[in-house]
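Trainee: I've got a model open and I'd like to know what the terms really rest on. Can we go through it together?
Mentor: Sure, let's put it up.

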Amino acid sequence: MDNNQPESILKVSDLCVQYGTFKAVKEVSFDVRKGEIFGLLGPNGAGKTSTLSAIEGLIKYQSGTVIVDGHDAKEKPLYARAAMGVQLQSTSFQAELKVSEILQLFAGIYGIKLTNEKLSAILKDISLEDAAGKRFGQLSGGQQQRVSLVISTIHNPRLVLLDEPTTGLDPQSRRQLWERIEAIRERGHAVVLTTHSMEEAESVCDRIGIIDHGKVITIDTPQALIEKHRNDPEVIAVSRKGRVTLEDVFIALTGKTVRA
Amino acid sequence: MEETIIPKTSTVLTALLRADFTTLWRNRRAVVMVFLVPIVILVSWKDLVAKMGAAFALSNSLTYGLIAIGLMGYTNSIARDRDKGIFQRLRVAPGPNWTIMISRIVVQLSMIALVTTAIFIVGYDYDKITLTPAGYALTYLTAIVGGAVYLALGQIIVGLIKNPETVNSTSRLVYFSFVIVGIFGGMGMLGKQIQEITQWSPYGTVKTILAAGMVPSSWTMDSTYALLATLGYTLVFATIGIKNFKWNTK
């Protein structure tokens with residue numbers, strides 16, 4: 001490893017995930033460094049969620065290795081899971097539980113002692129101090145996302161995995177979430193996020209990996225990706241108003257066909 | 001590199017139990033329904049207590065309570081939470097997966113103890129039914145063993161069916177089949193052969209061990225066979241249910 005590079009918090013090597021005979025993830029390799037926001041982009045069904053699920057330990061992978069903060073996810077799954085915080089694409093919590101009870105539950109299962117003062121501080125930090133007694137289902141989409149994100153970081157993990165965290169949010173809530181994600185980076189932790197928003201990827205991510213048909217096509221910074229492909233005929237063909245964007249590069253690399 | 005600390009399993013289990021019991025408490029209207037059917041049966045069978053004996057009435061109503069817990073309470077809560085992705089969120093935490101299910105099962109076992117207690121209270125209050133201390137103790141034990149059959153049966157349903165609506169309708173169908181076959185088949189109204197089949201079905205064996213547990217002096221070789229059959233059913237149902245169970249619906 002280059003000595004000037006920050007240490008890798010997540011190292012995925014030759015990861016293969018298969019459902020029956022369908023190969024969803026084919027020899028995917030990438031690493032995510034300390035203090036970095038890494039975006040995993042791809043069309044629907046490209047293998048993003050399968051890759052994240054394999055890292056999170058939700059699905060078994062056929063081959064390859066996943067190292068989270070030095071722990072092999074297959075050999076030491078509990079240690080790997082303790083080192084990461086996860087926000088799933090469609091997360092819900094028990095509808096009967098209040099926000100404060102959900103926070104207590106997850107603090108408990110991550111082995112964190114949550115005093116009333118600490119709980120109040122967390123709720124204040126996400127501007128939900130008045131919602132402690134509300135049930136999760138009574139919160140707005142933006143409030144739910146804030147609760148979900150704070151739960152994924154309640155144990156101060158070195159790696160945070162966010163699967164489409166801003167889907168369905170209004171622009172204000174989305175911007176606020178970006179700030180919170182950037183705050184995680186400022187603390188020196190690593191973030192992996194998946195998104196369909198190229199604007200989000202360009203604004204928030206330090207590096208981007210584009211995945212399609214289960215394979216990583218390219219990995220680089222958003223600006224470097226644009227520069228690298230600026231003059232590709234496919235990119236010029238899809239670009240609009242004469243300005244090349246990350247979305248143009250993405251569409252040129254993954255094709256214009258709409259995926260199911 | 002900072003040291004990664006994983007929480008103790010007991011800490012994880014305590015947090016899960018606290019949340020699951022809170023959920024149960026907040027769902028108390030649904031819990032009342034689980035209590036209602038066996039109590040209504042017990043009250044409406046008042047005349048049968050004199051004819052067939054207290055153990056008959058108590059064991060029948062308790063069996064329906066156990067079926068309701070296993071098939072309606074446990075099965076539907078698992079199907080609903082799985083569909084919402086609640087299990088997946090818990091599974092990415094650093095606790096063993098089995099703690100999630102153990103917590104759910106402990107909640108159901110306490111429901112079994114509560115329903116058993118409620119039936120004892122109603123039985124005493126309404127029909128003046130009393131058991132010996134050994135009878136009470138053995139009934140709690142056999143209720144747990146019997147309740148396990150229906151929890152395992154519920155596990156098969158959520159193991160084989162993913163859609164929560166289909167799980168709900170299937171569990172209701174199985175529940176009412178048990179009630180109908182239990183009442184009519186068990187009393188011989190559907191013929192001798194059906195009565196015999198019912199007697200050795202999961203309904204009949206549970207009812208037999210409950211009735212024998214209530215009057216320990218009446219425990220016979222048939223009661224032991226019924227106990228073994230109950231344990232066998234539990235083992236088979238649980239194996240099929242666990243083997244086919246998926247943590248998510250996708």
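Trainee: What is the area buried between chain A and chain B, and what makes it "buried"?
Mentor: Buried area is the accessible area (1.4 Å probe) that two parts lose on being put together, summed over both. For chain A and chain B that comes to about 3,000 Å², with carbon and sulfur atoms giving 58% of it. Before we go on, keep in mind that this is a predicted model, where local features need pLDDT of at least 70, side-chain atom pairs count only at pLDDT 80 or more, and totals for chains, interfaces and linings use all residues. Residues are numbered from 1 along each chain as its sequence is written, chains are lettered from A and ligands numbered from 1 in the order in which they are written, and side-chain values use heavy atoms, with hydrogens and water left out.

Trainee: How many residues of each chain are in contact?
Mentor: With contact meaning heavy atoms within 4.5 Å, 33 residues of chain A touch 34 residues of chain B.

Trainee: Why is the pair A:Glu101 and B:Arg26 called a salt bridge?
Mentor: The rule asks for a side-chain nitrogen of Lys or Arg within 4 Å of a carboxyl oxygen of Asp or Glu. A:Glu101 and B:Arg26 have N to O at 2.8 Å, so the pair qualifies. The count between chain A and chain B is two salt bridges.

Trainee: Which elements give two or more residues to chain A's side of the interface with chain B?
Mentor: Helix H2 (77–82), helix H3 (99–109) and helix H5 (141–152) of chain A. Helices here are DSSP runs (H or I, at least four residues), strands are E runs of at least two, and both are numbered from the N terminus. H3(A) gives the largest share, five residues.

Trainee: What makes A:Arg158 and A:Asp69 a salt bridge too?
Mentor: Their side chains meet at 2.8 Å, N to O, so they pass the same test. The two sit 89 residues apart, A:Arg158 in the loop between H5 and strand E7 (159–163) and A:Asp69 in the loop between strand E4 (63–68) and strand E5 (71–72) of chain A. Over all chains the count is 15 salt bridges.

Trainee: How do you know whether chain A agrees with a compact globule?
Mentor: Take the radius of gyration over C-alpha atoms and set it against 2.2 Å times the number of residues to the power 0.38. For 260 residues a compact globule would be near 18 Å, and chain A has 19 Å, which agrees. Chain B, with 250 residues, also has 19 Å against a value near 18 Å, so it agrees as well.

Trainee: What is the secondary structure of each chain?
Mentor: Chain A comes to 10 helices and 10 strands, whereas chain B has 11 helices and zero strands.

Trainee: How confident is the predictor in chain B?
Mentor: On pLDDT, the predictor's confidence in each residue from 0 to 100, chain B has a mean of 91, and 99% of its residues reach 70 or more. Among its elements, helix H3 (residues 46–52) of chain B has the lowest mean, 80, and helix H11 (residues 221–244) the highest, 97.
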